[in-house]
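Trainee: Before we talk about classifications, could you show me the model and its sequence, so that I can ask how each label is earned?
Mentor: Certainly; here they are.

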Amino acid sequence: MLCFQIAEIIESKEESITKSALYRALVLIALAQQGKQPSPKLLENITQEYPKPQLGELESIRMQAHGNPILLSMTLQDLLHIDMVQVELIPEKKGLFLKHVEYELSSQRFKSSVYRRYNDFVVFHEVLLQRFPYRMVPALPPKRMLRADREFIESRRRALKRFINLVARHPFFSEDELLHIFLCFSGPDVQNKIRESLRGVGDEFMTCEIATTAKELLPPDIQAQFGASRELIRNIYNSFHKLRDRAERMANRSAENATDLLLFGKELSILGSDTTPVPSWASAASNTWGTLKQALKGLSVEFALLADKAAQQGKREEEEVVEKLNLFLDLLQSYKDLCERHEKGVLHEHQRALQKYTSMKRQMMSVTVQNKEQISVEQLESRIVQQENTILTMELRNYFSMYCLHQETQLIHVYLHIISHVLTAFIDSQIQGHREMSEVWNDLKPKLGGLLPNGVPSPPLSPGNLQAPSSILPTSHFLVIKEARMLTCQIQFIYFHPAIAGWL
């Protein structure tokens with residue numbers, strides 16, 4: 001209603017209004033915000049300076065209308081769907097002195113398959129840092145100069161896969177020609193092709209349309225927000241590092257459990273295959289050992305199957321849980337590296353430029369006071385102007401660096417949802433592993449009938465099976481339980497010994 005009243009007062013019947021009508025409308029809006037009823041006489045009674053209306057943040061209104069370029073409107077699923085790059089080892093090729101390890105990179109997005117060596121990754125990483133110095137560029141795994149064992153090669157393959165997928169899914173890297181060259185170019189000299197792609201292009205600051213206006217897009221408390229975000233992400237990194245270590249230990253235990261089950265089954269098979277003759281005085285005219293051997297020999301197959309199930313669970317935990325945690329840790333580490341580059345790079349260079357400018361100004365004052373030659377004064381003035389331009393560029397780069405940091409921080413928070421993927425994979429792996437092993441254990445139990453004569457009862461439960469949780473027992477109780485367990489074993493031995501049992 002207020003808008004219609006103001007429109008009637010300024011007599012705006014057309015779609016466009018004059019400048020004077022606009023000014024009168026703004027004055028009426030300001031008076032209405034003061035609680036006064038808009039009217040033509042209200043404008044006539046103003047004798048002082050016209051009041052200014054409170055229109056809010058015009059910049060935020062413009063951003064809402066056109067979209068704020070500093071905000072990342074992407075989900076984790078959006079990032080994961082950008083591309084999936086597989087990295088596989090190919091057969092080693094012998095060089096003049098050392099063997100060269102090559103990798104096959106297959107991109108779903110580009111429908112491409114290329115071969116790359118580790119040194120190709122190194123050149124790509126270097127140029128990527130030059131092209132995007134203010135973005136999160138993940139680190140490469142270390143290069144091993146001497147003999148690399150299979151474990152190291154596999155570990156590096158996984159690290160390279162994490163690296164290239166983080167780069168391929170980055171909102172800005174994914175649209176750059178540099179990534180397309182690395183994933184698609186199949187020519188003879190990919191390293192030279194990568195280096196040539198940067199010539200005459202410059203870094204992101206030189207090519208980004210909003211680089212010189214980034215300051216206007218930043219919130220006023222950007223420094224405080226940056227400090228708080230950096231501390232939060234540091235804490236997140238420490239927690240995820242511990243989660244990764246625990247998950248890695250569980251995956252290793254599954255692998256060790258598989259090895260132990262396999263060796264346990266092999267030992268049973270060795271017992272069942274023993275061909276040593278049994279002395280007649282030991283067998284007492286019975287074929288007990290022969291029956292037991294036959295039963296033990298058949299159990300090795302089930303234990304081998306149990307070992308395979310445990311190995312599969314360990315592999316699932318390694319690929320679906322540990323690797324996802326490593327992926328996020330690589331990203332968090334790249335954020336920490338970016339923060340250090342911002343402080344030691346842009347900010348440090350800006351401070352050095354200011355110090356150099358201050359020194360030039362002092363030198364200029366000294367030359368002026370001493371009435372030096374006009375040529376030296378002009379040269380010094382020219383250098384000061386150049387330094388002022390350098391400082392201006394440094395300031396713009398500093399704000400653009402903060403602009404990029406703002407976006408990279410948002411990217412970290414988008415990736416935080418990966419914890420749900422990790423937990424889902426971990427729980428599914430445990431459910432599947434325990435279900436599969438439970439089925440094998442249940443199939444194994446009926447086959448134990450051949451190990452016990454008919455009518456012989458199973459040994460009674462030991463106190464160890466009946467003890468209370470350790471958290472509620474004092475130390476003295478553990479000693480009592482240990483002694484009770486030893487006493488039970490002795491009683492079982494006496495009870496089942498044929499000679500002693502008959503005497504009893």
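Trainee: How do you know what share of the contacts join residues at least 24 apart in sequence?
Mentor: A contact means heavy atoms within 4.5 Å, and among contacts in the protein between residues at least 6 apart in sequence, 73% join residues at least 24 apart. This is a predicted model, in which local features need pLDDT of at least 70 and side-chain atom pairs count only at pLDDT 80 or more, while totals for chains, interfaces and linings use all residues. Residues are numbered from 1 along each chain as its sequence is written, and side-chain values use heavy atoms, with hydrogens and water left out.

Trainee: Why is Cys 339 called buried or exposed, and what about Cys 184?
Mentor: Buried means under 20% relative accessible area, exposed over 50%, and partly exposed in between (1.4 Å probe, protein chains only). Cys 339 has a relative accessible area of 0%, so it is buried, whereas Cys 184, at 22%, therefore counts as partly exposed.

Trainee: How many disulfides does a search of the whole structure find?
Mentor: The search finds zero disulfides, a disulfide being a pair of cysteine sulfur atoms within 2.5 Å.

Trainee: Why is His 406 called buried or exposed?
Mentor: His 406 has 18% relative accessibility, so it counts as buried. His 406 lies in helix H15, where helices (H or I, at least four residues) and strands (E, at least two) are DSSP runs numbered from the N terminus. Not counting residues up to four places away in sequence, His 406 touches Ile 70, Pro 219 and Ile 222.

Trainee: And why is Trp 289 called partly exposed?
Mentor: The relative accessible area of Trp 289 is 30%, and therefore Trp 289 is partly exposed. The residue is found in helix H14.

Trainee: What makes a set of residues a nonpolar core?
Mentor: The set must consist of buried Ala, Val, Leu, Ile, Met, Phe, Trp, Tyr and Cys residues joined through side-chain atoms within 4.5 Å. The largest such core has 44 residues, and those touching the most other members are Phe 328, Leu 332, Tyr 335, Phe 400, Tyr 403 and Tyr 415. Helix H14 gives the most to this core, with eleven residues. Leu 332 touches Ile 233, Ile 236, Tyr 237 and Ile 412, again not counting residues up to four places away in sequence. A second, separate core of 31 residues includes Phe 132, Ile 153, Ile 164 and Leu 183.
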